[in-house]
Amino acid sequence: MTVRKNQATLTVDEKKRFVDAVLELKRSGRYDDFVRTHNEFIMSDTDTGERTGHRSPSFLPWHRRFLLDFEQALQSVDSSVALPYWDWSTDRTLRASLWAPDFLGGTGRSSDGRVMDGPFAASAGNWPMNVRVDGRTFLRRSLGTGVRELPTRAEVESVLSISTYDMEPYNSAADGFRNNLEGWRGVNLHNRVHVWVGGQMGTGVSPNDPVFWLHHAYVDKLWAEWQSRHPDAGYVPTGGTADVVDLNETMKPWNDVRPADLLDHTKFYTFDS
Amino acid sequence: MPDISRRRALTAAAALAATATAATVVAPAATAADHEHPMPMPQPPGHFDEVYKGRRIQGRPMSGGGHHHEHGGGFEVLVDGVQLHVMRNADGTWISVVSHYAPVATPRAAARAAVDELQGAPLLPFPAN
Ligand SMILES: [Cu+2]
Ligand SMILES: [Cu+2]
């Protein structure tokens, strides 16, 4: 059984295996398919039309399944690897071990945002930006410049306390847990972390930065925490909602999996705590 | 995903239609029409055409729209003549593909944010790759 661990607790060997598996997916071309899929959904999910991956109730099950696909791809390279998560409410500075050269590397240099160290630095030669929206072919970050502060634990708590999963109109204007976690409303958790990292993480091709997976693994964990706090509150809507994925409707691009199939993460993995 | 390919084709068609009829559109002055605050009921944004940090940014209604989900509500934004994918949120704020998680008040603000983010790099026509 896969156990997803806090990135801060990984051993040197676990970090190396994770990085090596990611680099192998990149080398084989499989990694970029994930980036491409994400950008296609980012650009086509709209508040007034069909919406599946973002700005909608299925934001959480969609990313859960997307991460499962990625994790299975990693495990096809090295079966010992699981996705780590980044608790950005705790490891909230540039000095976190997450950003060390033996893991994801640090922030970008000020002139052009280019990441200069770690296994994903352009200079290492293993991390070309193939799926991109502009001419730059190197990984970029500007940690803490787009927005100064990552969410605090108190802000996370305030969102976990919201007892309704999602609400009409089931988009970026909605109240409820999902949209406050996604960040279009309220204290802004998930969206703010993308902006805090900067570089490709602020764009539609955000999976170009491997921290994407650690960020979303933590967002996913927060969904699980919310479920255990609100055992009587379930995924909504539960049927007949235009442009929105209802509980028992299948989701694109897989077309064979429903939110209902993804509510219980323990069928697929557990967390370290 | 065939559905996305279809959207791409329609987007390209809409861009061509916009180009074909652009000469008949008389652009009003941009500054007065630009909304600095999101409104509960989004109004159509105003045209703009300016040089910002050395790059030409333009915003204009995309004529011939309405036949598919146009993410910018029928409005298109260009940076040095290359279309920037923009989207209007339900509350009237805007985002673009290069700053997708940080809503700003107007399409002009989204275009300026894109120029800031690009740091001089050329935008690739979407869908890239
Ligand atoms: Cu996403
Ligand atoms: Cu995200």
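**Entry 1: the copper ions**

I first looked up two histidines and found that A:His54 is buried, as is A:His63; buried stands for under 20% relative accessible area, against over 50% for exposed and partly exposed in between (1.4 Å probe, protein chains only). I note that this is a predicted model, in which local features need pLDDT of at least 70, side-chain atom pairs count only at pLDDT 80 or more, and totals for chains, interfaces and linings use all residues. Residues are numbered from 1 along each chain as its sequence is written, chains are lettered from A and ligands numbered from 1 in the order in which they are written, and side-chain values use heavy atoms, with hydrogens and water left out.

I then asked which residues coordinate the copper ion (ligand 1). They are A:His38, A:His54 and A:His63, each through NE2, at 1.9 to 2.1 Å. Donors here are N, O and S atoms within 2.8 Å of the metal (3.2 Å for Na, K and Ca); water is not among the atoms, so sites may look incomplete. Along the chain I read the donor spacing of ligand 1 as H-x15-H-x8-H.

The copper ion (ligand 2) lies 4.0 Å from the copper ion (ligand 1). For ligand 2 I recorded the protein donors A:His190, A:His194 and A:His216, again by NE2, at 2.0 Å. A:His194 belongs to helix α6 (residues 190-197) of chain A and A:His216 to helix α7 (residues 211-229) of chain A, so the pair ties together parts 22 residues apart in sequence. Helices (H or I, at least four residues) and strands (E, at least two) are DSSP runs, numbered from the N terminus. A:His194 is buried at a relative accessible area of 0%, and A:His216 is buried at 2%.

**Entry 2: aromatic rings**

I searched the whole structure and obtained 29 aromatic pairs over all chains. Rings of Phe, Tyr and Trp (its six-membered ring) pair if their centres lie within 6.5 Å; planes under 30 degrees apart are stacked, over 60 edge-to-face, and the rest tilted.

One of these pairs is A:Tyr31 with A:Phe70, edge-to-face at 5.6 Å centre to centre and 85° between the planes. A:Tyr31 lies in helix α2 (residues 30-44) of chain A and A:Phe70 in helix α3 (residues 59-77) of chain A, so this pair ties together parts 39 residues apart in sequence. I found both A:Tyr31 and A:Phe70 buried.

The rings of A:Trp62 and A:Trp254 have centres 5.6 Å apart and planes at 50°, so I entered the pair as tilted.
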